[in-house]
Amino acid sequence: MAFEILSIAFMFIGAIFLLAGSIGLIRLKDTYSRLHALTKADVLGFGFIVLSCILSTDLLSHWIKLLLVWLLVISYSALVGYALANRKKRYA
Amino acid sequence: MLWQTGKKDMLDLALGLMLFISALLSLHSKDTMKSGVFFIIFGFLSGLIWVRLEAPDVALVEIILGSAITGLLIFKLVKGSKQKDLKAFTFTRLWAGFISFLILIFMLFHLTTIERQDRIASLVFENLHKSGVDSAVNAVLLNFRGYDTLLEVGVITLAIFGLLSLGLKREAYYWDNPLLKGFSRLSLPFIVFFSLYITYLGTFSVGGAFQGGALLAGGLVLFALAGQALPLKASIIYIFTMAGLGVFSLIGLLYALLGYGFLTYPLELSTISIMIIELSIWISTAFLLYTAYSGKL
């Protein structure tokens, strides 16, 4: 029961971070701040969602899969953020 | 009615609506680059819809081919072209719209008149033990309707070679950056391993040679996007691209010569033959798509 409540709470927090990131992507003025909002909030929000998913299953194989997905997504997110910022700096 | 639908129906409705909007934006934005971006979103959303329809293997192919690799090909075409408007003329668009409309009418007619009846699926499940694999999709693809798949592989091979013979002398798009280089080098072994795993999984579950091949093609293209050439000779890449068609038809002919009939595997040899064919299709799909990106053999 405690795990379920914790899981729902983490899912909620993750959703809020993702929503904040999306609003930042739409509302902020220039590319760098947009990227900042998107990539930072993305990593944090996605981390909370993965944590919530881990709390909702008991299978070790699911935990490992979710952790691998998390690792992949944060590394891609960082790389894509870097790539976009680099592009912007070079061909502004 | 809309207010009586469940949460899952709402999700499907939202996905369908987003698909429609992305298709519309892709067709009607002025900038060709923007069209390409919306086309990628369209491919990703249709992949999600395939997941909702419980067809994860189609979803995999749709997301990798329909959005990632086709998107790259579009960007390659757009980049460096002086012609801003690469879109078809009004007449062509009208024709395409008319034909799509006819297909829509036909589908709607078919949807409303369809009857619940015994589909061919039960026949497949009855005969699954004779195919040598445990996955119904791959039993149909590589055993019961192996001829179709052979022709399909032939079509892909011909299409890519047609693309090459058009001779678009446009350099493949790449980004020379140490971070991307390191990342692609780090991830390529994992991608190769995982795509092999998906190919192997095809014999008894969701997965298969085309899915694994498309995934490997994605990895190879990522490797090439960092401005690196594959450490393989052109002749080896050529052999890899032709491996699927070659091995498939050779095995078919072998069984024909042995007296079983073209592509009719005897029961005790069917698993191993299907495995060999799957591996060959895996490697050739991957290298054909890579060739389509790099534009040269």
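**A colleague's note on the two-chain model**

1. Let's start with one residue: Gln211(B) sits in helix α9 of chain B, the helix that covers residues 209-225. Keep in mind that what you are looking at is a predicted model. Is Gln211(B) buried or exposed? Its relative accessibility is 10%, so Gln211(B) counts as buried, given that the cut-off for buried is under 20% relative accessible area.

2. So who are the neighbours of Gln211(B)? Setting aside residues up to four places away in sequence, Gln211(B) touches Asp57(B), Val58(B), Leu60(B), Val61(B), Ile64(B) and Ile198(B). For a sense of distance along the chain and through space, try Lys296(B): 85 residues separate it from Gln211(B) in sequence, and the two C-alpha atoms are 23 Å apart.

3. Now the records for chain B. UniProt, in an unreviewed entry, lists residues 180-273 of chain B as "domain: Na+/H+ antiporter MnhB subunit-related protein". In the model that stretch is 76% helix and 0% strand, and its end C-alpha atoms are 39 Å apart. Bear in mind that annotations of this kind may be inferred rather than shown by experiment.

4. A second UniProt feature on chain B, again from an unreviewed entry, is "domain: MrpA C-terminal/MbhD" at residues 17-75. Here the model gives 90% helix and 0% strand, with the end C-alpha atoms 26 Å apart.

5. Stepping back to chain B as a whole, how many helices and strands does it have? The tally is 11 helices and zero strands. Read from the N terminus, the elements of chain B go α-α-α-α-α-α-α-α-α-α-α.

6. What about the overall dimensions of chain B? A compact globule of 297 residues would have a radius of gyration near 19 Å, and the 21 Å of chain B agrees with that. Along the principal axes, the C-alpha atoms of chain B fill a box of roughly 60 × 60 × 40 Å.

7. On burial and contacts: 36% of the 297 residues of chain B count as buried. If you take the contacts in chain B between residues at least 6 apart in sequence, 73% of them join residues at least 24 apart.

8. The surface of chain B is worth a quick look too. Chain B exposes about 18,300 Å², with carbon and sulfur atoms supplying 73% of that area. As for charge, chain B carries 21 positive and 17 negative side chains, and the centres of the two sets are 14 Å apart.

9. On to chain A, which has three helices and zero strands, running α-α-α from the N terminus. Its radius of gyration is 15 Å, well over the 12 Å that the globule rule gives for 92 residues, so chain A is more spread out than a compact globule. The box that its C-alpha atoms fill along the principal axes is roughly 50 × 25 × 10 Å.

10. Where does UniProt place the feature "transmembrane region" on chain A? The unreviewed entry puts it at residues 6-26, 38-57 and 63-85. In the model, residues 6-26 of chain A are 100% helix and 0% strand, and the end C-alpha atoms lie 30 Å apart. Residues 63-85 of chain A are also 100% helix and 0% strand, with 33 Å between the end C-alpha atoms.

11. One residue to find in chain A is Ser52(A), which has its place in helix α2 (residues 31-56). Its relative accessible area is 2%, so Ser52(A) is buried. Which residues is Ser52(A) in contact with, leaving aside neighbours within four places in sequence? They are Ser7(A), Phe10(A) and Met11(A). Met11(A) and Ser52(A) are 41 residues apart in sequence, yet their C-alpha atoms are 5.5 Å apart in space.

12. Last, the totals for chain A. Of its 92 residues, 21% count as buried, and among its contacts with a separation of 6 or more, 65% come from residues 24 or more positions apart. Chain A exposes about 6,600 Å², and carbon and sulfur atoms supply 76% of it. Chain A has 9 positive and 4 negative charges, and the mean positions of these two groups are 21 Å apart.

Note on methods:
Residues are numbered from 1 along each chain as its sequence is written. Chains are lettered from A and ligands numbered from 1 in the order in which they are written. This is a predicted model: local features need pLDDT of at least 70, side-chain atom pairs count only at pLDDT 80 or more; totals for chains, interfaces and linings use all residues. Side-chain values use heavy atoms; hydrogens and water are left out. Helices (H or I, at least four residues) and strands (E, at least two) are DSSP runs, numbered from the N terminus. The radius of gyration is taken over C-alpha atoms; the globule rule is 2.2 Å times the number of residues to the power 0.38. Buried means under 20% relative accessible area, exposed over 50%, partly exposed in between (1.4 Å probe, protein chains only). Contact means heavy atoms within 4.5 Å. Accessible areas come from the Shrake-Rupley method with a 1.4 Å probe; for residues, only the protein chains shown count as cover. Lys and Arg count as positive and Asp and Glu as negative; His and the chain ends are not counted. The place of a charge is taken as NZ of Lys, CZ of Arg, CG of Asp or CD of Glu.
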